[in-house]
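User: I've got a structure open and I'm new to this. Could you walk me through it in questions and answers?

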Amino acid sequence: MNKVMGTYHVNEKGYYGEFGGAYIPEMLYPNVEELRQNYLKVMAEPSFQEEFHQLLRDYVGRPTPLYYAERLSKKYHTKIYLKREDLCHTGAHKVNNTIGQILMAKRLGKNRIIAETGAGQHGVATATVCALMGIQCVVYMGEIDIKRQAPNVARMKMLGAEVVPATSGSKTLKDATNEAIRDWINNPVDTHYIIGSVVGPHPYPDMVARFQSVISEEIKKQLHEKEGRENPDHVIACVGGGSNAAGAYYHFLDNADVNIIAVEAAGKGVHSGESAATSALGKDGIIHGSRTLLMQTNDGQITEPYSISAGLDYPGVGPMHAHLYKSGRAEFISITDDEAMTSGLGLSQLEGIIPAIETSHAFAVFDHRTFKEDEIVVVNLSGRGDKDLNTYIDYFKL
Amino acid sequence: MNRINKKLQEDKKLLSIYFTAGYPNLEDTVPIIESLQDSGVDMIEIGLPFSDPLADGPTIQESSTHALKNGMTTEKLFDQLKNIRNTIDIPLIIMGYFNPMMQYGVEAFCKRCQEIGIDGLIIPDLPVDVYHEEYQDTFEKYGLINVFLITPQTSDERIRFIDSVSGGFIYMVSSASTTGAQSSFGNTQEDYFNRIDAMNLNAPQIVGFGISNSETFNQAIQKAKGAIIGSAFIKYISSNPVENIPQFVEKIRA
Ligand SMILES: Cc1ncc(COP(=O)(O)O)c(C=O)c1O
């Protein structure tokens with residue numbers, strides 16, 4: 001253990017190293033401050049914990065299995081375990097966060113929920129918990145994404161949510177996030193904003209990471225049962241905003257024996273001009289109220305990323321991950337569209353699991369670097385591929 | 001003395017106009033400023049366009065997108081303004097989001113502002129706390145006044161803190177909203193205007209957001225030192241030539 005550890009969680013000012021904070025207009029201050037003052041207190045309440053874990057168990061279907069992938073392990077000559085977040089209700093890890101946040105919103109006395117969504121996974125997870133609690137739900141989604149992700153739009157509507165097209169700027173995820181923030185400015189009293197990843201102003205990155213941390217909490221327990229040890233040698237996760245990764249890393253962050261691998265979307269190639277590899281291409285700046293790495297012009301205008309996977313198509317990255325990158329704590333790897341699609345097909349045929357395209361990026365790591373035969377590698381299988389069938393069909397001419 | 005403070009000492013209610021630099025045309029910046037001064041406007045906020053203006057409603061969003069498409073950049077704006085003090089003597093404030101300033105370099109940005117003769121900055125997403133801890137010394141070194149926003153939801157305690165950090169005026173956001181929106185003010189605003197007035201703050205207050213005509217302007221200046229018009233001016237300039245600006249200003253003052 002030669003690294004100085006213990007500095008990878010948020011500090012009390014809301015920063016991860018130099019990243020994080022709350023760079024918000026004064027109009028948002030009361031809302032964000034209310035949340036900042038209350039989130040830890042509320043989460044510590046036994047009644048909150050009880051309700052949260054009961055819903056995760058009975059409604060979401062947790063704990064999700066930690067599955068030893070025998071054929072995959074054989075192919076890559078190492079021991080690979082898959083954390084099956086794809087088996088969560090609604091098909092991805094996103095619901096861990098929305099369950100937590102809807103309970104938070106209720107305790108703060110809010111009766112209207114807003115959210116942003118790109119691919120629609122977080123929108124569906126938010127619409128789901130709003131239906132469950134009988135709370136009004138408005139989801140902002142870029143006009144272009146609404147066209148690309150029709151089935152998820154239909155799901156949200158069926159769940160009773162109102163889907164509002166974001167028509168400003170580039171009409172995708174970052175603009176949907178802008179619109180949600182503007183809605184919050186205009187509705188400061190009764191509304192809670194359920195952010196979908198470990199992004200946004202403090203305390204969001206920390207709060208969302210804590211709700212997702214159930215992933216690594218379970219990994220520790222399950223690995224102990226299966227291998228007699230709590231810590232894997234490597235944890236791999238894809239990073240869009242970084243919520244499934246934050247959850248998978250959380251309980252290993254301050255343990256130098258666990259190597260952390262973050263996988264970003266290179267799109268058509270990191271330097272192709274069509275990429276979403278934020279750590280490689282981003283510079284220090286401010287996006288959606290957080291100081292972090294983001295893709296931007298020299299003049300500080302935020303640029304539009306590209307990835308075949310809508311869930312990784314975000315020009316920023318959570319401040320925790322910016323810090324993991326800058327400090328060298330985590331290994332960052334970028335994976336192209338083609339590599340991701342190929343590994344998605346590979347996993348389907350080796351293990352009978354069709355992953356979300358976001359998740360496919362994480363599996364492509366095995367073609368990029370080797371692992372020792374006796375090492376234990378956990379891959380966070382963040383979501384299932386049902387939502388991506390059309391993209392797989394088009395790509396492979398199925 | 002900073003031109004903003006001098007202006008605030010004048011025994012009159014102030015009219016300030018916001019416009020987005022580079023809109024409707026890239027080279028409109030200087031002609032608009034000159035025409036506003038000739039029309040008797042007291043102060044001008046020059047909007048530095050940003051790709052993701054979180055605190056702005058549709059009108060300013062669209063003007064920003066348009067200005068960026070026209071080719072507006074931080075350097076371009078500074079270049080357009082480099083001789084502005086040959087003709088303009090009213091206070092000039094740059095209003096913009098923090099990211100473009102960070103990329104330019106906060107100190108370099110402030111230095112350039114001073115060289116040009118910019119008097120102050122309004123940066124909606126740079127919170128007073130962060131400013132106070134990290135940037136206040138730099139802004140002051142270059143003689144810049146930073147202006148902070150308050151809203152009907154801002155607590156008295158925080159308003160007092162903002163007052164203590166404010167070197168010029170306080171920007172009173174008329175309601176909980178993004179820019180634009182409103183066509184008239186109701187009781188909620190009256191109560192808010194009265195509450196702030198009764199606090200006897202050191203910094204004078206200027207009301208902005210939702211002021212669109214002489215009626216809302218007159219309501220806003222009952223208690224406050226002045227008012228700022230943004231979206232309504234941008235709408236006007238999008239379909240009227242620069243020469244007509246005096247008519248717009250006259251109507252507001254009516
Ligand atoms: C299955 C899946 N994985 C990953 C992501 C990326 O988000 P995050 O980086 O916050 O986990 C998404 C986002 O939509 C997703 O649906």
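What follows is a chat about the two chains, the place where they meet, and a few residues.

User: Before we start, what kind of model is this? And how many helices and strands does chain A have?

Analyst: It's a predicted model, so keep that in mind as we go. Chain A is built from both kinds of element, and the count comes to 16 helices and 14 strands.

User: What is the radius of gyration of chain A, and what does the globule rule give for its length?

Analyst: Chain A has 398 residues, and the globule rule turns that length into an expected radius of 21 Å. The value for chain A is close to that, so chain A is as compact as a globular protein of that length. Along its principal axes, the C-alpha trace spans about 55 × 45 × 40 Å. The radius itself is 19 Å, next to 21 Å from the rule.

User: What share of chain A's residues count as buried?

Analyst: To count as buried, a residue needs a relative accessible area under 20%. The accessible surface of chain A comes to about 14000 Å², with 51% of that on carbon and sulfur atoms. Of the 398 residues, the buried share is 64%.

User: Now chain B. What radius of gyration does it have, and does that agree or disagree with a compact globule?

Analyst: Chain B holds 12 helices and eight strands, and its C-alpha trace spans about 45 × 40 × 35 Å along the principal axes. For 254 residues, a compact globule would come out near 18 Å. Chain B has 17 Å, which agrees.

User: In chain B, what share of the contacts with a separation of 6 or more comes from residues 24 or more positions apart?

Analyst: Here we take contacts in chain B with a separation of 6 or more, and ask which of them link residues 24 or more positions apart. In chain A that share is 73%. In chain B it is 75%.

User: How far apart are the mean positions of the positive and negative charges in chain B?

Analyst: Chain B carries 20 positive and 32 negative charges, and each set has a mean position. For chain A, with 39 positive and 48 negative charges, the two means are 1 Å apart. For chain B, they are 4 Å apart.

User: How much area do chain B and chain A bury between them?

Analyst: The size of an interface is often given as the accessible area lost when the parts come together. At this one, 38 residues of chain B are in contact with 34 residues of chain A. Carbon and sulfur atoms take 52% of the buried area, and the total is about 2800 Å².

User: Which residues of chain B lose the most area to chain A?

Analyst: Three residues stand out, together making up 22% of what the chain B side buries. They are B:Asp52, B:Leu54 and B:Gln103.

User: Which elements do the buried residues of H2(B) pack against?

Analyst: Helix H2 of chain B covers residues 29–38, and its buried residues are B:Thr29, B:Ile32, B:Ile33, B:Ser35, B:Leu36 and B:Gln37. Just after H2(B), B:Gly40 has a positive phi of about 90°. The packing partners in chain B are strands E1 (14–20), E2 (43–48) and E3 (92–96), plus helices H4 (74–81), H11 (231–239) and H12 (245–253).

User: Is A:Phe48 buried or exposed, and which residues does it touch?

Analyst: A:Phe48 sits in helix H2 of chain A. Its relative accessible area is 0%, so A:Phe48 is buried. A:Leu103 is 55 residues away in sequence, yet the C-alpha atoms of the two are 7.4 Å apart. Leaving out residues up to four places away in sequence, A:Phe48 touches A:Val42, A:Met43, A:Gly100, A:Leu103, A:Met104, A:Arg107 and A:Phe211.

User: Where in chain A is A:His288, and what is its phi?

Analyst: A:His288 lies in the loop between strand E11 (283–287) and strand E12 (290–294) of chain A. With a relative accessible area of 6%, A:His288 is buried. Its phi is positive, in a residue other than glycine, and the value is near 50°.

User: What is omega for the peptide bond from A:Arg62 to A:Pro63?

Analyst: A:Pro63 is in the loop between helix H2 (46–60) and strand E3 (66–68) of chain A. The bond from A:Arg62 to A:Pro63 is cis, with omega near -5°.

How values were computed
Residues are numbered from 1 along each chain as its sequence is written. Chains are lettered from A and ligands numbered from 1 in the order in which they are written. This is a predicted model: local features need pLDDT of at least 70, side-chain atom pairs count only at pLDDT 80 or more; totals for chains, interfaces and linings use all residues. Side-chain values use heavy atoms; hydrogens and water are left out. Helices (H or I, at least four residues) and strands (E, at least two) are DSSP runs, numbered from the N terminus. The radius of gyration is taken over C-alpha atoms; the globule rule is 2.2 Å times the number of residues to the power 0.38. Contact means heavy atoms within 4.5 Å. Lys and Arg count as positive and Asp and Glu as negative; His and the chain ends are not counted. The place of a charge is taken as NZ of Lys, CZ of Arg, CG of Asp or CD of Glu. Buried area is the accessible area (1.4 Å probe) that two parts lose on being put together, summed over both. Buried means under 20% relative accessible area, exposed over 50%, partly exposed in between (1.4 Å probe, protein chains only). Accessible areas come from the Shrake-Rupley method with a 1.4 Å probe; for residues, only the protein chains shown count as cover.
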